[in-house]
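Welcome, and thanks for having your viewer ready. Let's walk through this structure one selection at a time.

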Amino acid sequence: MPAGQSTLKNSIAIRTENLCRHYPMGDALIRAVDGISLQITSGEFVALLGTSGSGKSSLLNLIAGLDRPTSGTVVVQENDLAKLSREELAKYRRHAVGMVFQSFNLIPSMTLLENVELPLRFAEVDRGKREGLAKQALDRVGLSARLRHRPTELSGGEQQRASLARALINQPRFLLADEPTGNLDSLTGTEIMNFIREFNESLGMTIIMVTHERTLAERYASRMIFLADGKLVGDQSNAISATTGQTRGGGL
Amino acid sequence: MKTYDMAELAVRNLRESILRNSLTTVGISVGVASLVAMLSLGIGLQQLAGRRLQKSGLFDTVVVTSRRDLRGFNREQEENGPSPAESPTLNESARQKIAQLPDVIEAYPDIRFITELRYEDKPHLAMMAGLPFSAKNNDAFDGMQGNFFSSDTAPEVILQKSFAAQLLGKTPKAGSEEVSVAELAKPLLGKQLTMRYAERTATPAAGDAKEAPPANSAENNPAGTAYSVVSREATLKIVGVCDLDPDSMRGQARARIFLPLKLAQNLHVMQPSDLRDTTNITNAAPAYMTVEVHVKSPTQVQPVEDAIKKMGFNTFSIVDATRSLRQFFAVLDLFLGIFGSLALAVASIGIINTLVMAILERRREIGIMKAIGASDGDVKGLFFAEAGVMGVFGGIVGVALGWTIGRVINLGTNVYLKRQHFPPEQIWLVPWWLVLGAIAFAIVVSLLSGLYPASRAARLDPVQALRYE
């Protein structure tokens, strides 16, 4: 997939139209996502900003294919996710999307190598190839020395790096990050953000990052989308970041 | 996900909560073990009974009598078959025909007569009977002192315990302790008995041959019924004394002293039926009173009996007794199986419980797996595989456990039997099909128990699961 990435640059990767996700809670109806229409271009680094409860995580889950919209559409590369079967949706998550979470979400009973290898199992990659690929991915995030460790034996930054390696293992087109630095101190947070930026720039991955920290978004994202009460309230490109991101990143 | 990966993941997941999963597996094992132990006990008992019945010679024997023998007259038989006067004679050619029926091992004439025997110059009166050589394996000779006949024509006899006691003048008084066979046999084995008997010989006119062909004798003797009776004596050696009664099927006419059948035939002892046969117009050859037919197995007794009846003879067997015995064992097996299955049902509830708990515990893990690309099928398969792996281990351990339990029961029983002075018995048997069947059953039950938890895990909403802390 990365091979075809350059030709797809600047083409529309994700398009939502009047996207809604409502769910009942007691008698009330929660409008987590309420009529959002937007387009994300291939290769963009998008930050979804908003206070907690603004619907940014719900939007991310809809794009990730983890949740289905109540109404409206999410079209990813001409595929309407709402129309995919459960099986097809799982395949989409497996191959097109890599996810990173605030709480890392590594499986505690498995070593780092096994955690990173797990998506390859679901993708039915041959046993012989899996370990090499997983080692390569962990090497990329600087964890070659920690292959046999369990997540609980590692620091938060290391765990998040491992989950980045896991997100990359199937070479997806999109990296969806939900508050990736939320549980980290600013130094390790920067470390993680630099990795994400590197994936965006050198691998051409499209990044969608949920965050509530405006400064973080301004520093790394090329575009900032603001949400409030499930509605889109602002959408601006971040010229500084887009053009001088490299130097700024290097300066930190 | 590939099957092998699924199994590998399942095993490692099971190892993660080793205590709980081991306990569940032990639960399955106990279920399988009780199933195996009970069924193998049932099978063992059934085979033991079958073996005993077979050896006793009671249930695979058909007794054939001629309809001409009006002592066995029966109104029903008279209506169904030819009238006694027109029915065939039970002679040598009839015996041969019977012996050639399918599933018949042998058919031999029953020769028995009351005669006088002298032992140390004291006369004794006893019923004697010929024993075919095949009777050697009869379980009545299990505790015999001495040996069976050295050949089918050897001038030897085997005494029944009570007759041996009579010879020695040791007839036990009622209520007193019985004398052991070994004690009775010691002074008797190898000693000689003199037997007086009446020999039936063909009349000199019929030729010197003792068994003159009927055609030949008919020339000189139109009625073909003339013969002489000569009193003779024979010396016989005592070779064995048996404890049990090999002739128990005979009731009142039980013999207490046995000689080889061929020898008995060669002696041409006058039979009670011989006199009656002199009135038989159609056939003058010596006829048998009774022919005993051995059938391959008790199940084939009925068809053989029917075939012999069709030939125009009366038959008698104890086949009905075996039928009800078999029915008893079928019911016994069923009940033992039900109790075993109950144990397995309890075990499968354990599996369901364990897996449902595992889902609650691993909600987040399931959510993660779905987020990184696991399909519903993968999650379902994983839980299913975990149930299956528990079933495999539970089945194998259970069979081993059941086998051990059976061995212990067997050992205990044999200790008890030994104390009661009985020979040891195999009352418990695990055939290979039970081993494979029990393991397969454990796997199937485990998989069925895994169905609900697995589909519940597969339906889990990943967004909810990941939110859950």
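Before the first selection, one term: helices here are DSSP runs of H or I with at least four residues, numbered from the N terminus. With that in hand, please select Ile405(B), which sits in helix α13 of chain B. Keep in mind throughout that you are looking at a predicted model.

**Stop 1: Ile405(B)**

Is Ile405(B) buried or exposed? A residue needs 20 or more other C-beta atoms within 10 Å to be called buried, and 12 or fewer to be called exposed. Ile405(B) has 18 C-beta neighbours inside 10 Å, so it counts as partly exposed. Now add Ala33(B) and Ala37(B) to the selection: Ile405(B) touches both, leaving out residues up to four places away in sequence. Try a distance label between the C-alpha atoms of Ile405(B) and Ala37(B); the separation is 6.4 Å, although their positions lie 368 residues apart along the chain.

**Stop 2: both chains in view**

Zoom out and colour by chain. Chain A has nine helices and 10 strands, and 48% of its 252 residues count as buried. Chain B has 15 helices and 11 strands, with buried residues making up 40% of its 469. If you like contact maps, consider the contacts between residues at least 6 apart in sequence: in chain B, 82% of them join residues at least 24 apart, and in chain A the figure is 70%.

**Stop 3: where the chains touch**

Next, select the residues shared between the chains: 16 residues of chain B are in contact with 20 residues of chain A. Which elements of chain B give two or more residues to this side? They are α1 (3-16), α12 (363-371), α13 (376-419) and α15 (462-467). Helix α13 of chain B is also the home of Ile405(B), from the opening stop. Colour the chain B side by class and you should find eight nonpolar, two polar and six charged residues.

**Stop 4: the nonpolar cores**

Show side chains for Leu48(A), Leu138(A), Ala165(A), Leu175(A), Leu176(A) and Ile208(A). Within the largest nonpolar core, which has 123 residues, these touch the most other members. Helix α2 (residues 18-56) of chain B gives this core its largest share, 11 residues. Another core, of 55 residues, lies apart from it; Ala126(B), Met195(B), Ala264(B) and Met270(B) are among its members.

Now centre on Leu176(A). Setting aside neighbours within four places in sequence, its contacts are Leu60(A), Ile63(A), Ala64(A), Val97(A), Met99(A) and Ile208(A).

**Stop 5: helix α7 of chain A**

Select residues 186-202 of chain A. These 17 residues form helix α7, which should span 24 Å at 1.5 Å a residue; the end C-alpha atoms are 24 Å apart, so the two values agree. Its buried residues are Ile192(A), Met193(A), Phe195(A), Ile196(A), Arg197(A), Phe199(A) and Asn200(A). Following the helix is Gly204(A), with a positive phi near 70°.

**Stop 6: a four-stranded sheet in chain B**

Switch to cartoon view and find the open sheet with strand order β2-β10-β1-β11 in chain B, paired antiparallel. Its edge strands are β2 (104-110) and β11, each pairing on one side only. From one strand to the next, the twist averages 25°.

Step through the pairs:

- β2(B) and β10(B) are joined by six bridges, and Pro109(B) stands opposite Val291(B).
- β1(B) and β10 (residues 290-295) share five bridges, with Val62(B) facing Val293(B).
- β1(B) and β11 (residues 313-316) share four bridges, with Thr65(B) opposite Asn314(B).

What are the two faces of β1(B)? Val62(B), Val64(B) and Ser66(B) make up the covered face, while Thr61(B), Val63(B) and Thr65(B) make up the uncovered one. In a regular strand, side chains alternate between the two faces of the sheet. Look also for helix α4 (residues 92-99) of chain B, lying across β1, β2 and β10 and running at about 160° to β2(B).

**Stop 7: a hairpin to finish**

Select β3 (residues 112-119) and β4 (residues 122-131) of chain B, an antiparallel pair with eight bridges. Arg112(B) stands opposite Ala129(B). Two residues separate the strands of this hairpin, where Glu120(B) takes a positive phi near 50°. β3(B) also pairs antiparallel with β7 (residues 192-202) of chain B over three bridges; there, Glu116(B) has Arg196(B) as its bridge partner.

Notes. Residues numbered from 1 in each chain as written. Chains lettered and ligands numbered in written order. Predicted model: local features only at pLDDT ≥ 70, side-chain atom pairs only at ≥ 80, totals over all residues. Contact = placed C-beta atoms within 7 Å. Nonpolar A, V, L, I, M, F, W, Y, C, P; charged D, E, K, R; others polar. Core = buried A, V, L, I, M, F, W, Y, C linked by C-beta atoms within 7 Å. Expected span 1.5 Å × (residues − 1). Pairing = 2+ DSSP bridges. Axes fitted to C-alpha atoms, helices over the stretch in contact; angles between N-to-C directions.
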